[in-house]
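Visitor: I'd like a close look at one part of this model. Could you walk me through it and then show how it fits with the rest?

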Amino acid sequence: MTTWKTRGLRGSTLEELINQTNEQYRIRKLALIQKIPTPITPINIDKKSRQITLAYFDQKSTVDYIGAVQGYPVCFDAKECRTDTFPLQNVHQHQVDFMSDFENQGGLAFLLIYFTARDEFYYMPMKDLRRFWNRAAQGGRRSVRFEELDHSYRIPKGKNVLLPYLDMIQKDLESREQEQL
């Protein structure tokens with residue numbers, strides 16, 4: 001049983017940006033992406049504010065978001081990082097397994113990472129996550145340094161949408177096509 005008290009708002013800035021972006025994509029009929037709620041069982045509820053103050057997770061969550069982009073099934077997780085080093089402990093084995101299984105079924109899986117100190121957003125393709133994950137599993141570094149990221153997957157500030165990650169999905173798909181040639 002996993003319990004939480006004050007960590008529930010971690011990632012809320014990034015998730016709010018993604019939620020607003022997803023709504024803009026839906027309205028423009030570019031994508032339909034839904035936030036997947038994590039099932040919890042409340043233990044304590046503040047009677048005045050009616051807020052949950054203590055709960056436990058009913059089951060392991062898979063990823064934060066799932067949906068379709070122009071006919072491509074996609075799933076991804078949103079992560080925030082305060083430093084220039086992204087700890088792989090922020091991603092769980094069951095999430096990597098789910099994302100791998102999702103890709104084996106023809107879908108596209110990735111991470112969206114927000115480096116808060118830099119105020120920069122990155123798209124991490126599953127192939128990169130798998131490479132870093134395998135390195136850690138073989139006794140290597142258990143984090144990803146900012147310099148190790150593929151900086152061509154940096155998500156620029158959006159003009160028409162807040163976080164234009166669809167451009168990175170297109171880049172990822174094109175990269176996969178090139179690898180198959």
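Visitor: Let's take the β5-β6 hairpin. Which residue in β6 stands opposite Ala-68?

Guide: That's Pro-73. Before going further, a caution: this is a predicted model, where local features need pLDDT of at least 70 and side-chain atom pairs count only at pLDDT 80 or more, while totals for chains, interfaces and linings use all residues. Residues are numbered from 1 along each chain as its sequence is written, and side-chain values use heavy atoms, with hydrogens and water left out.

As for confidence, pLDDT is the predictor's own score for each residue, from 0 to 100. The chain averages 87, and 86% of the residues score at least 70. Residues 1-11 fall below 50, though this stretch still has 16 contacts beyond near neighbours in sequence, a contact being heavy atoms within 4.5 Å. Where pLDDT is low, the predicted coordinates should not be read in detail.

Now the hairpin. Helices (H or I, at least four residues) and strands (E, at least two) are DSSP runs, numbered from the N terminus, and the chain has four helices and 11 strands. β5 covers residues 65-69 and β6 covers 72-81. Five bridges join β5 to β6, and the two run antiparallel; strands count as paired if DSSP finds at least two bridges between them. Two residues separate β5 from β6 in the hairpin. Gln-70 sits in that loop and has a positive phi of about 50 degrees without being a glycine. Most residues other than glycine have a negative phi. Gln-70 is also exposed, at 56% relative accessible area; the scale here is buried under 20%, exposed over 50% and partly exposed in between, with a 1.4 Å probe and protein chains only. There's a parallel case in the loop between β8 and β9: Asp-119, not a glycine either, has a positive phi of about 55 degrees and is partly exposed at 33% relative accessibility.

On its other side, β5 pairs with β2, again antiparallel and again over five bridges. Ile-33 has Gly-67 as its bridge partner in β5, and Lys-35 has Tyr-65. The side chains of β5 alternate nicely: Tyr-65, Gly-67 and Val-69 point to one face and are buried, whereas Ile-66 and Ala-68 point to the other and are not. In a regular strand, side chains alternate between the two faces of the sheet.

Zooming out a bit, the hairpin belongs to an open, mixed sheet of six strands in the order β2-β5-β6-β8-β9-β11. β2 and β11 (154-155) are at the edges with a single partner strand each, so one side of each has no neighbour in the sheet.

Val-74, in β6, is a good way into the interior. Val-74 counts as buried, with 0% relative accessibility, and touches Ile-33, Phe-102, Leu-108, Phe-110 and Ile-169, among others. Val-74 and Phe-110 are 36 residues apart in sequence, yet their C-alpha atoms are 8.2 Å apart.

Phe-110 also turns up in the largest nonpolar core, meaning buried Ala, Val, Leu, Ile, Met, Phe, Trp, Tyr and Cys residues joined through side-chain atoms within 4.5 Å. This core has 25 residues, and Phe-110, Leu-112, Tyr-123, Tyr-165 and Ile-169 touch the most other members. Among the elements supplying at least two residues each are β5, β6 and α4. Leu-112 reaches back to β6 too, touching residues including Phe-76 and Ala-78. Apart from this core lies another, of 23 residues, including Val-91 and Met-126.

Ile-169 belongs to the buried set of α4, along with Leu-166, Met-168, Asp-172, Leu-173 and Ser-175. The 15 residues of α4 (166-180) should span 21 Å, and the end C-alpha atoms are 21 Å apart, which agrees; the expected span is 1.5 Å times one less than the number of residues.

Over the whole chain, 39% of the 181 residues are buried. Of contacts with a separation of 6 or more, 65% involve residues 24 or more positions apart.

Notes:
Lists of a residue's contacts leave out its neighbours within four places in sequence.
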